[in-house]
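Student: I would like to take a close look at a single part of this model, together with whatever bears on it elsewhere in the chain.

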Amino acid sequence: MKSKAKKGTARRVLKTMMGFYPVMMPLTIVCIIISAVVSSVPSIFMQNVIAVIEESWMDGNWDAVSGTIFRYVAILAVFYVLSLIAGFSFNQLMAIITQGTLKKLREKMFGEMQRLPVKYFDTNNHGDIMSRYTNDIDTLRQMISQSFPQLLISTITVLTIFCIMIYYSVWLTLVVLAGVVVMLAVTKKIGGGSARFFFSQQKALGRVEGFVEEIMNGQKVVKVFCHEEDSKADFDKLNDILCKESERANRYANILGPILNNIGNILYVFVALMGGLLLLTDAPNLSLSGMALSISIAVPFLNMTKQFVGNINQVSNQVNSVVMGLAGANRIFELMDEQPEQDNGYVTLVNAKEENGVIIECSERTGMWAWRHPHQVDGTVTYTKLAGDVRLFDVDFEYEPDKPVLHDITLYAKPGQKVAFVGATGAGKTTITNLLNRFYDIADGKIRYDGININKIKKDDLRHSLGIVLQDTNLFTGTVMENIRYGKLDATDEECIAAARLAGADDFITRLPEGYQTMLSGNGANLSQGQRQLLSIARAAVADPPVMILDEATSSIDTRTESIVQRGMDALMTGRTVFVIAHRLSTVKNSNVIIVLDHGRIIERGSHEELLAQKGQYYQLYTGAFELE
């Protein structure tokens, strides 16, 4: 990552912390400053004590020495107590700030993730996204809790000691600064090299976690096709890349400490030699204090040199943690900065009732819904009853530029009609339903819902009016009742049970150990695939939407269960507009309209009988002369 980007990330982390804790952060910094400054005080006292001893030695007056030294020790003890209190305070405050910042970042990251379009999750590895919540957050934790305080303490200590050193001797300070310049150059060279590898390491770690998550989800498939060794080989490749990136990053970081320690030792020797030469030659001591160079200055100065270099080393030792923390922070901010799902809709769904042939809005629930359509031209508001009339006009769509998926799709579904889509995999069946939900927006054409362009309808309101049952079921950790209620969070227990009965799920639910209060976990791992699908159908039923989308809703159900579900589905579809995607043609025979798709185009449409009479592709599919792929 470029230096400018790293600085921007570091600045943003600090700004975020300050925003979360506008009072505690400044207080923590004050405590750190006090602790750091006090740690530099002993050098001043050492100079004074040595000066007193040196003067007493020359004058032979030892009576005043003990009292003066005792006074200095007492003052020094007060400073140490102050340092202890400041150190304890900032450690306690940093613990609160660190965990609070991470908590709020996770919340903000999760909140931003909920606003992302479906396309983001379709094009990004789920394991890599998870890695941002775990590994990247953890590296940021280490940086905030350990590196940030240490860097601040070391920086303030270095500045304080520098001021003391230049106060006592400019010449010796220049020697120290020359050594520091060399140390900083080495730190920049080696630290900059390791930074690239630490960023690569975090990305490689995300890829490894993504692969593990993928294999865990598909473990049965792996075993069925005996691909354990192939999976292990693929994992080993990704793990090798992670190992190499980590090895290179840490190799760079680990050589920094020994090099700086040796430079510090050499610098210590140079300062001692320079101090000795200045003492022996009685050279004038250029200093802000105006004092001549003496043993009382030279000895503390050597101690300050060691402390000065030690804190520079402390800064360099934190490079590893800082770079990893910034790499993690950058990936966290990347997710938070993703473009959220755009919604320019202004037509909303409201409770309504009809009086004297006029639809009016109501505050209470009436069982009737209407589209509230404010007209921007004249400011008037009209209400259209939610009926479920869906029409597509000349719709074109592409997931990627220059790779069209749908061509010139025109169809309509009147309220209460059942429209079935039939076609090979990739023909565009699911894509059409994705456009109805506005998971994706069309490239050209129009989709009207009850006569309103769906681009004008707010996405939340549009999706509230649609129910969907997917081929892949998704259940959540919680009770059976809670999973059904997910379709309508304010549904009563009676409504959930009625929806389960409608879907044909009540029979198996009542036979579970705790009935509707049975806990589910691991996407309903303690249920059969058919039972999970029945719960998914019940969840859609409790939402009671006017339009239903059934995407291979019975594909994972055995023939016996399918007959049970089909009866429930028929009851569920009564009076609703229904879009059905199915490979089993037996489930679409009673549809009002069957649309046959091929490579994103409508090639046939009509009822079951009409399509059989045409003896086209549907006829061949139905009679077995042609099979869907």
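Student: Is Cys243 buried, partly exposed or exposed, and what is its relative accessible area? From there, please look closely at helix H6 and tell me which of its residues are buried.

Tutor: Bearing in mind that this is a predicted model, Cys243 is partly exposed, since its relative accessible area is 43%. Cys31, by contrast, counts as buried, because its relative accessibility is 10%, under the 20% cut-off. The structure holds zero disulfides.

Turning to helix H6, which spans residues 126-133, six of its eight residues are buried, so the helix is largely enclosed by the rest of the structure. The buried residues are Gly127, Asp128, Ile129, Ser131, Arg132 and Tyr133. Of these, Arg132 deserves particular attention: its relative accessibility is 7%, and it therefore counts as buried. Arg132 also forms a salt bridge with Glu334, in which the closest N and O atoms are 3.4 Å apart. This pair links distant parts of the chain, for Glu334 belongs to helix H12 (residues 319-336) whereas Arg132 belongs to helix H6, and the two residues are 202 apart. Glu334 itself counts as partly exposed, because its relative accessibility is 37%, so this bridge joins a partly exposed acidic residue to a buried arginine.

The structure holds 21 salt bridges, and two others are worth setting beside the one at H6. Lys459 forms a salt bridge with Glu341, the closest N and O atoms lying 3.2 Å apart. Because Lys459 sits in helix H14 (residues 459-464) and Glu341 in the loop between H12 and strand E1 (348-355), this pair ties together parts that are 118 residues apart in sequence. Here Lys459 counts as buried, at 5% relative accessibility, while Glu341 counts as partly exposed, at 23%. The other bridge is formed by Asp441 with Arg438, with the closest N and O atoms 2.9 Å apart. In that pair Arg438 is buried, its relative accessible area being 5%, and Asp441 counts as partly exposed, at 39% relative accessibility. Coming back to H6, salt bridges that share partners join Asp128, Arg132, Asp136, Arg331 and Glu334 into one network, and both Asp128 and Arg132 are among the buried residues of the helix.

Further along the chain from H6 comes helix H7 (residues 135-168), in which Ile137 lies. Ile137 counts as buried, at 3% relative accessibility, and its C-alpha is 7.0 Å from that of Leu102, although the two residues are 35 apart in sequence.

For a contrast with these enclosed positions, consider the negative surface patch formed by Glu228, Glu229, Asp230 and Asp234. Asp230, one of its members, is placed in helix H10 (residues 228-280) and counts as partly exposed, with a relative accessibility of 43%.

Finally, two aspartates call for a check of their backbone angles. Asp394, placed in strand E5 (residues 390-400), has a phi near 50°, a positive value in a residue other than glycine, and it counts as partly exposed at 44% relative accessibility. Asp544 likewise has a positive phi near 50°, but this residue lies in the loop between helix H18 (529-543) and strand E13 (547-551).

Methods: Residues numbered from 1 in each chain as written. Predicted model: local features only at pLDDT ≥ 70, side-chain atom pairs only at ≥ 80, totals over all residues. Heavy atoms only, no water. Patch = residues over 30% accessible without salt bridge, like charges linked within 9 Å, V, L, I, M, F, W, Y side chains within 5 Å. Areas by Shrake-Rupley, 256 points an atom, 1.4 Å probe, with all protein chains shown as cover. Salt bridge = Lys/Arg side-chain N within 4 Å of Asp/Glu carboxyl O. Lys, Arg positive; Asp, Glu negative; His and termini not counted. Charge placed at Lys NZ, Arg CZ, Asp CG, Glu CD. Helix = DSSP H or I, 4+ residues; strand = E, 2+ residues; numbered from the N terminus. Buried < 20%, exposed > 50% of the residue type's maximum accessible area, 1.4 Å probe, protein only. Disulfide = S-S within 2.5 Å.
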